[in-house]
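This report introduces a protein chain and its ligands to a reader who has not met them before. Please view the sequence and the structure together before reading on.

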Amino acid sequence: MSDCIFCKIIAGEIPSSKVYEDDKVLAFLDISQTTQGHTLVIPKEHVRNVLEMSDQTAATVFARLPKLARAVKVATGAKGLNIVNNNEEIAGQTVFHAHIHIIPRYNDQDEIAITFTEHEPDFDALGRLAQDIAKEVEA
Ligand code: 5GP
Ligand code: ZN
């Protein structure tokens, strides 16, 4: 896609610090370096996000994650890492070419906050919601 910044990186029109490349997938350092070694993994196929991804593209891109995550962890000396994927603006997506963040973690004070607030569950409501989602999975 001509006005997509990640397609331009794939085409070599914009420089990037590449860490992995094959015919379907590219991984390169995120320019923001939220923590040292923050890496993006992208399909070479221009697809907006996971919501528009085929099973085949997902299988190819997500299959690279264990190898890349291990490599980032070993090379940086991080103690762990978060793997994050934002879909649509409300979820923090700012570049609309699908990408997965690998964010190394060094200590509790890393400038990244991924927190989940717990709510008291209404088990009947959970059951109905699970059924609604299950129906959509089959649709
Ligand atoms: P999002 O917010 O869409 O999940 O993540 C987009 C990421 O792309 C951001 O973390 C941002 O720093 C990164 N990014 C945006 N433009 C460029 C660029 O030109 N080069 C690199 N390497 N990363 C970029
Ligand atoms: Zn693109």
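Donors are N, O and S atoms within 2.8 Å of the metal (3.2 Å for Na, K and Ca), and since water is not among the atoms, sites may look incomplete. Along the chain, the donors of the zinc ion (ligand 2) follow the spacing C-x2-C-x38-H-x50-H. The pair Cys7 and His97 links distant parts of the chain, 90 residues apart: Cys7 is in helix 1 (residues 5-11), and His97 is in the loop between strand 4 (80-84) and strand 5 (100-105). Helices (H or I, at least four residues) and strands (E, at least two) are DSSP runs, numbered from the N terminus.

The model is predicted: local features need pLDDT of at least 70 and side-chain atom pairs count only at pLDDT 80 or more, while totals for chains, interfaces and linings use all residues. Residues are numbered from 1 along each chain as its sequence is written, chains are lettered from A and ligands numbered from 1 in the order in which they are written, and side-chain values use heavy atoms, with hydrogens and water left out.

**The zinc site**

The protein donors of the zinc ion (ligand 2) are Cys4 (SG), Cys7 (SG), His46 (ND1) and His97 (ND1), at 2.0 to 2.3 Å from the ion. The arrangement is tetrahedral because the four donor atoms subtend angles of 104 to 117°; four donors count as tetrahedral if all angles lie between 85 and 135 degrees. Both Cys7 and His97 are buried, a term that stands for under 20% relative accessible area, with exposed over 50% and partly exposed in between (1.4 Å probe, protein chains only).

**The site of ligand 1**

Ligand 1 is surrounded by 16 residues, of which Asp30, Gly92, Thr94, His99 and His101 are the closest; a residue is near a molecule if one of its heavy atoms lies within 4 Å of it. The table lists polar atom pairs between ligand 1 and the protein. A polar contact is a pair of N or O atoms within 3.5 Å; within protein, one must be able to donate a hydrogen and the other to accept it, and residues adjacent in sequence count only if both atoms are side-chain atoms.

| Residue and part | Atom of ligand 1 | Distance |
|---|---|---|
| Leu29, backbone | nitrogen | 2.9 Å |
| Asn86, side chain | oxygen | 2.9 Å |
| His99, side chain | oxygen | 2.8 Å |

Taken alone, ligand 1 exposes 520 Å², and the protein buries 83% of that. These areas come from the Shrake-Rupley method with a 1.4 Å probe; for residues, only the protein chains shown count as cover.

His99 lies in the loop between strand 4 and strand 5 and counts as buried because its relative accessibility is 6%. An unreviewed UniProt entry annotates His99 as "active site"; such annotations may be inferred rather than shown by experiment. Gln93 is also placed in the loop between strand 4 and strand 5, and its relative accessibility of 2% makes Gln93 buried. The side chain of Gln93 forms a polar contact of 3.1 Å with that of Asn49 and reaches the backbone nitrogen of Glu88 at 2.7 Å.

**The chain as a whole**

The chain has four helices and five strands, in the order α-β-β-β-α-α-β-β-α from the N terminus on. Of its 139 residues, 35% are buried. The unreviewed UniProt entry places the feature "domain: HIT" at residues 5-113, a stretch that is 26% helix and 23% strand.

Note on methods
Four donors count as tetrahedral if all angles lie between 85 and 135 degrees; four count as square planar and six as octahedral if opposite donors are over 155 degrees apart and all others between 65 and 115; anything else is irregular.
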